Amino acid sequence: MIRRPPRSTLFPYTTLFRSPRCKDVIEWKIKYKKYKPLTVPKKCTKCDQKTILHAYHIICDECSSENNGLCAKCGKNGEDIVPPKPTELELIREKNEFERELKLLPERKRRTVLRHIKKSDGEESPRTILNRLLANSRKNISDSYSDDDSEDDELEEKEK
């Protein structure tokens with residue numbers, strides 16, 4: 001008798017970009033136990049290398065991401081490609097990380113970030129707002145240091 005791996009080891013298809021139709025087809029195959037995993041790597045139609053590790057794909061993950069998120073199963077590109085939704089665990093982890101970074105900020109910057117988040121009304125994620133504001137503050141700090149250096153250089157030149 002041939003021993004097969006348990007079905008729970010199937011590849012989690014929510015992590016890849018794919019069209020809604022292809023996603024539904026794969027979910028149906030998994031649900032009704034019609035999914036047949038690959039035993040050896042398959043050849044990619046874009047790069048002609050044996051890099052496809054997932055069943056029913058025609059394009060490898062690298063080529064799919066390089067070509068603006070082509071569906072790895074049907075090869076279509078367009079607006080019907082649905083990005084994966086983050087899992088609950090990922091959302092909780094991201095929220096905890098954001099709160100931890102927010103606590104590490106000085107009071108003035110923290111209030112600035114919270115004010116910008118409130119002003120955006122959900123158009124922009126809190127993480128992008130925080131990153132944008134931190135990048136701006138780092139840029140301002142580096143500009144102020146470069147200004148100080150130029151003033152020091154001018155003073156040295158005058159002394160000579």
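In this predicted model, the sulfur of cysteine 74 has its closest cysteine sulfur in cysteine 71, at 3.6 Å, which is too far for a bond. Cysteine 74 itself is partly exposed, its relative accessible area being 30%. A similar story unfolds at cysteine 47: the closest cysteine sulfur belongs to cysteine 44 and lies 3.7 Å away, again too far for a bond. Cysteine 47 is likewise partly exposed, with a relative accessible area of 29%. A disulfide is a covalent bond between the sulfur atoms of two cysteines, and the cut-off applied here asks for sulfur atoms within 2.5 Å. Both distances lie beyond that limit, so neither pair is counted as bonded. By this rule the model has 0 disulfides.

Turning to the interior, the largest nonpolar core has 8 residues: Phe98, Leu102, Leu105, Val113, Ile129, Leu130, Leu133 and Leu134. At least two of these residues come from each of two helices, α3 (88–104) and α5 (126–159). The greatest contribution is that of α5, which gives 4 residues to this core. Leucine 133, one of the core members, is in contact with Thr112, Val113 and His116 when neighbours within four places in sequence are left aside. Apart from this core lies another, of 6 residues, which includes Ile59, Cys60, Cys63 and Leu70.

Helix α1 offers a neat view of how burial is arranged along a helix. Spanning residues 20–31, α1 has 12 residues and reaches 16 Å from its first C-alpha to its last, close to the 16 Å expected at 1.5 Å a residue. Three residues of α1 are buried, namely Cys22, Ile26 and Lys29. Seen down the helix axis, the buried residues of α1 fall within an arc of 60°, and therefore line one face of the helix. Arg21 and Lys31, on the other side of α1, are exposed. Just after this helix, lysine 33 takes a positive phi of about 55°.

A word on confidence is helpful when reading these features. The protein chain has a mean pLDDT of 76, and 70% of its residues reach 70 or more. Over residues 7–11, however, pLDDT stays under 50. For that stretch the model has 7 contacts beyond four places in sequence.

Methods. Residues numbered from 1 in each chain as written. Predicted model: local features only at pLDDT ≥ 70, side-chain atom pairs only at ≥ 80, totals over all residues. Heavy atoms only, no water. Core = buried A, V, L, I, M, F, W, Y, C linked by side-chain atoms within 4.5 Å. Buried < 20%, exposed > 50% of the residue type's maximum accessible area, 1.4 Å probe, protein only. Contact = heavy atoms within 4.5 Å. Expected span 1.5 Å × (residues − 1). Arc of directions from axis to C-beta. pLDDT = per-residue confidence, 0-100.
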